[in-house]
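Here are some comments for a colleague who is opening this structure for the first time. They are arranged as numbered points, to be read with the sequence and the coordinates side by side.

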Amino acid sequence: MDKRIVVSRVVPESALDVLREVGDVHVCPQDRPLTAPELREAVRGAHAIVTMLHDRVDAELVEAAGPQLEVVANVAVGYDNVDVPAVTGRGVTVTNTPGVLVDATADLTIGLLLMATRRLGEGERLLRSRRPWTFHLGFMLGAGLQGKTLGIVGLGDIGQAVARRARAFGMDIAYTGRRRVAADVEAELDARFLTKDELLRTADVVSLHCPLTEQTRHLIDEAALAAMKPTAFLINTSRGPVVDEGALAKALHEHRIGGAALDVFEREPEVEPALLDLDNVVVVPHLGSATTETRTAMAELAARNAAAVLSGREPLNPVRS
Ligand code: GLV
Ligand code: GLV
């Protein structure tokens, strides 16, 4: 009997082709995230599940699938949606998609950085409102980047790619994280390692590139926002819950920081309503990896991971707890 492969959401055809070589592929037809009961029903009897970042993968889901389940291939680099110990503890392999989305996410981060510091969303809204305007020297002034400090939280692959781009804009790089990166990376980026507190106090732009874990949940809370310069910007393309969104909305409302740009939200797809009324925040709907090339590469990589496990080979990107 063919192995059953359940894909929780529509993915590019090229990824399905990879999966069809090793099993019987079932793509959930609903054009929305499934509820937990729907997902449990859909995965019954699966040998492999291909999941999205909005799917909660836990002990209950693995048990609903059954003892034949071999692999959960998450189509994302982040895997905070997966209870890794619970899944791997039941003998099921978990994989993610690192590498392929680094450039797209770094590009988007720079896009948000420019949107926030140069007030691009605000300017667009002004023109679309059809209100009159004229050029003058004090009109809609933003903040320049040259000589400013970009403070990166989490100098992994994406953080480094952002740092490289920011260097081309003439920014200085500081970073914080669980540990220092390799000396040659620090040297290439001329990056200074700081404590989180030092970074928050000195950076002109704080950009988040850490995974969501129990240690990073609400890393940016009321106290962290209070430590930031009143002119500093916060960029988040990591995971929403790394920021206390209510505290951020309050800080922005009171103009206690310069502004923010967010690609991810604490209760995605919901956005804190207070944010939507503010001009000093840019909000976009989780577009970090959203290029045709990158999303295709992510789906294909997840498919190759699932196919490897189903064929008895080592996966390319195993996640260990
Ligand atoms: C996207 O947010 C990812 O983790 O791949
Ligand atoms: C601005 O548009 C300039 O020409 O200086």
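**Notes on the model**

1. The shell around ligand 1 is a convenient place to begin, and it consists of Leu53, Ala76, Val77, Gly78, Leu101, Gly288 and Ser289. Sorted by class, this shell holds four nonpolar and three polar residues, while charged residues are absent from it. Please keep in mind throughout that this is a predicted model.

2. The domain assignment divides the protein into domain 1, given as 4-98 + 292-310, and domain 2, given as 102-283. The C-alpha centres of the two domains, domain 1 and domain 2, are 32 Å apart. Four residues of domain 1 and five residues of domain 2 make up the contact, and on the domain 1 side the residues that touch domain 2 are one nonpolar, two polar and one charged.

3. Helix α13, which covers residues 292-310, can be checked for its length. Its 19 residues, at 1.5 Å a residue, should span 27 Å, and the C-alpha atoms at its ends are in fact 27 Å apart, so the expected and the computed values agree. Of these 19 residues of α13, 15 are buried, which means that the helix is largely enclosed by the rest of the structure. After α13 comes Gly312, which has a positive phi near 80°.

4. The largest nonpolar core comprises 97 residues, and those with the most contacts inside it are Ala48, Val50, Ile173, Ala260, Ala302 and Ala306. Helix α13 supplies the largest share of this core, with 11 residues. The core takes at least three residues from each of domain 1 (4-98 + 292-310) and domain 2 (102-283). For Ala260, once its neighbours within four places in sequence are set aside, the contacts are Ala116, Phe233, Leu234, Leu248, Leu252 and Val281.

5. Some backbone geometry deserves a careful look, since most residues other than glycine have a negative phi and most peptide bonds are trans. Which residue, although not a glycine, has a positive phi of about 60°? That residue is Arg119, and it lies in the loop that runs between α5 (102-117) and α6 (120-128). Arg119 has 20 other C-beta atoms within 10 Å, and because 20 or more is the requirement for a buried residue, Arg119 counts as buried.

6. His255 is likewise not a glycine, and its phi is positive, at about 55°. The loop that holds His255 lies between α11 (245-253) and β11. Is His255 buried or exposed? With 11 C-beta neighbours inside 10 Å, and with 12 or fewer being the condition for an exposed residue, His255 is classed as exposed.

7. The peptide bond that leads from Glu268 to Pro269 is cis, and its omega is near 5°. Pro269 itself is located in the loop between β11 (259-262) and α12 (273-276).

8. Two alanines in helices may be examined next. Ala65 belongs to helix α3 (residues 59-65) and is buried, with 26 other C-beta atoms within 10 Å. Beyond its neighbours within four places in sequence, Ala65 is in contact with Val43, Arg44, Ala46 and Ile49; between the C-alpha atoms of Ala65 and Ala48, which are 17 residues apart along the chain, the separation is 9.1 Å. Ala36 lies in helix α2 (residues 36-42) and is partly exposed, having 14 other C-beta atoms within 10 Å. The C-alpha atoms of Ala36 and Pro273 are separated by 26 Å, and along the chain these residues are 237 residues apart.

9. Leu194 is the last residue in this note, and it sits in the loop between β8 (191-193) and α9 (196-202). With 18 other C-beta atoms within 10 Å, Leu194 is partly exposed. When residues up to four places away in sequence are not counted, Leu194 touches Ala174, Thr176 and Leu199. The C-alpha atoms of Leu194 and Ala223, 29 residues apart along the chain, have 17 Å between them.

Note on methods
Residues are numbered from 1 along each chain as its sequence is written. Chains are lettered from A and ligands numbered from 1 in the order in which they are written. This is a predicted model: local features need pLDDT of at least 70, side-chain atom pairs count only at pLDDT 80 or more; totals for chains, interfaces and linings use all residues. A residue is near a molecule or strand if its C-beta atom, placed from the backbone, lies within 6 Å of it. Ala, Val, Leu, Ile, Met, Phe, Trp, Tyr, Cys and Pro count as nonpolar, Asp, Glu, Lys and Arg as charged, and the others, Gly among them, as polar. Helices (H or I, at least four residues) and strands (E, at least two) are DSSP runs, numbered from the N terminus. The expected span of a helix is 1.5 Å times one less than its number of residues. Domain bounds come from an automatic or database domain assignment. Two residues are in contact if their C-beta atoms, placed from the backbone, lie within 7 Å. A nonpolar core is a set of buried Ala, Val, Leu, Ile, Met, Phe, Trp, Tyr and Cys residues joined through C-beta atoms within 7 Å.
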